[in-house]
Amino acid sequence: MTGEFGGALPAAVEEGVGGFRTTIENTTERGGVNYGEFIEEVRTFMDRARAACPTTELNDDILSRLRAINDLLKGVTIDEWYAPSGTRTDLPARGNIMLPPYTFLDQGADGVVATLRFRRFHLGGNSAVHGGYVGLAVDEVMGLAAGLARGITRTAYLTINYRSVTPLDTDLELKAWVDRTEGRKTFLRATLSDGDRVCADAEALFILLNPGQR
Ligand SMILES: CCCCCCCC/C=C\CCCCCCCC(=O)SCCNC(=O)CCNC(=O)[C@H](O)C(C)(C)COP(=O)(O)OP(=O)(O)OC[C@H]1O[C@@H](n2cnc3c(N)ncnc32)[C@H](O)[C@@H]1OP(=O)(O)O
């Protein structure tokens, strides 16, 4: 891996501890008390960037401000295990800006139920959510269900059936549950629904990682 965020794997991986860390310090303080508002503002920015048609002047004004903001953030980037985006479990979607904000209504070893909302920046076309973002949400929530049931897993396959259009800006329900397990294999199913209407259903295989496996 090359680029701004470095090429080396985290030290623990290089030492053979394992690709995912199972002992990340669980704190809701990283990023500060207003970090959730920051992430939500970033999502609003992405919504508006997706929807806006700025004038050249406005574009250039925003561009220079964004460059200044990016310079500020560049000074405080850290590794993925401690960055609050993705690890702040107190925030919708763990504070991950790319995911549709979701929160759990129920979670346990048998499965999870989440409520989520796709946003303008998840637009595919004609007011429908992009199918890839549906896959992102389903993979995430199934991954968490697999994690609660088994431990640290990776997706081996994920099959999604798009049954009807997934709407933007609507509270949806995503259920994921363990269908069966065979050794390291966990087979899961999921449904994404808008009220009584099924938008998508899915089946997936997640593999429990071996000790030291990336
Ligand atoms: C403060 C705390 C903060 C916490 C932070 C939050 C933590 C939250 C925690 C968690 C959140 C999770 C939310 C996110 C979830 C997202 C998950 C992803 O998207 S993962 C990325 C995409 N997936 C990959 O990149 C995998 C790439 N593939 C691989 O790495 C390997 O192929 C892997 C691991 C899947 C399997 O490889 P092998 O070498 O370990 O095992 P082999 O022997 O190949 O397979 C095991 C068994 O599975 C079958 N298998 C493997 N792949 C299969 C396939 N595609 N179809 C059918 N069977 C398959 C094989 O035939 C074998 O079966 P037989 O034991 O022989 O019966």
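Two strands count as paired if DSSP finds at least two bridges between them. The model shown in these views is predicted.

**View 1. Strand 7 and strand 8 form an antiparallel pair.** Strand 7 spans residues 185-194, and 10 bridges link this strand to strand 8. Within the pair, Ser 193 of the model stands opposite Val 198, a residue of strand 8.

**View 2. Six strands make up an open sheet.** Their order is 1-2-6-7-8-5, and the pairing is antiparallel. Strand 1 (102-108) and strand 5 are at the edges; each has a single partner strand, so one side of each lacks a neighbour in the sheet. From one strand to the next, the twist averages 20°.

**View 3. Polar side-chain atoms of three residues lie close to oxygen atoms of the ligand.** For Gln 213, the distance from a polar side-chain atom to a ligand oxygen is 2.6 Å. For Arg 184, the corresponding distance is 2.7 Å. In the side chain of Lys 185, an N or O atom is 2.8 Å from an oxygen atom of the ligand. Of the 1,400 Å² of accessible area that the ligand has on its own, the protein covers 53%.

**View 4. The ligand is surrounded by 21 residues.** The closest of them are Asp 139, Thr 155, Arg 184, Lys 185 and Gln 213. Sorted by class, this shell holds eight charged, seven nonpolar and six polar residues. Helix 4 (131-150), strand 5 (153-162) and strand 8 (197-208) are the elements that each give two or more residues to the shell. Domain 1 (1-96) and domain 2 (99-208) each supply at least three shell residues.

How values were computed
Residues are numbered from 1 along each chain as its sequence is written. This is a predicted model: local features need pLDDT of at least 70, side-chain atom pairs count only at pLDDT 80 or more; totals for chains, interfaces and linings use all residues. Side-chain values use heavy atoms; hydrogens and water are left out. A residue is near a molecule or strand if one of its heavy atoms lies within 4 Å of it. A polar contact is a pair of N or O atoms within 3.5 Å; within protein, one must be able to donate a hydrogen and the other to accept it, and residues adjacent in sequence count only if both atoms are side-chain atoms. Accessible areas come from the Shrake-Rupley method with a 1.4 Å probe; for residues, only the protein chains shown count as cover. Helices (H or I, at least four residues) and strands (E, at least two) are DSSP runs, numbered from the N terminus. Ala, Val, Leu, Ile, Met, Phe, Trp, Tyr, Cys and Pro count as nonpolar, Asp, Glu, Lys and Arg as charged, and the others, Gly among them, as polar. Domain bounds come from an automatic or database domain assignment. Axes are lines fitted to C-alpha atoms, for helices over the stretch in contact, and angles run from 0 to 180 degrees between N-to-C directions.
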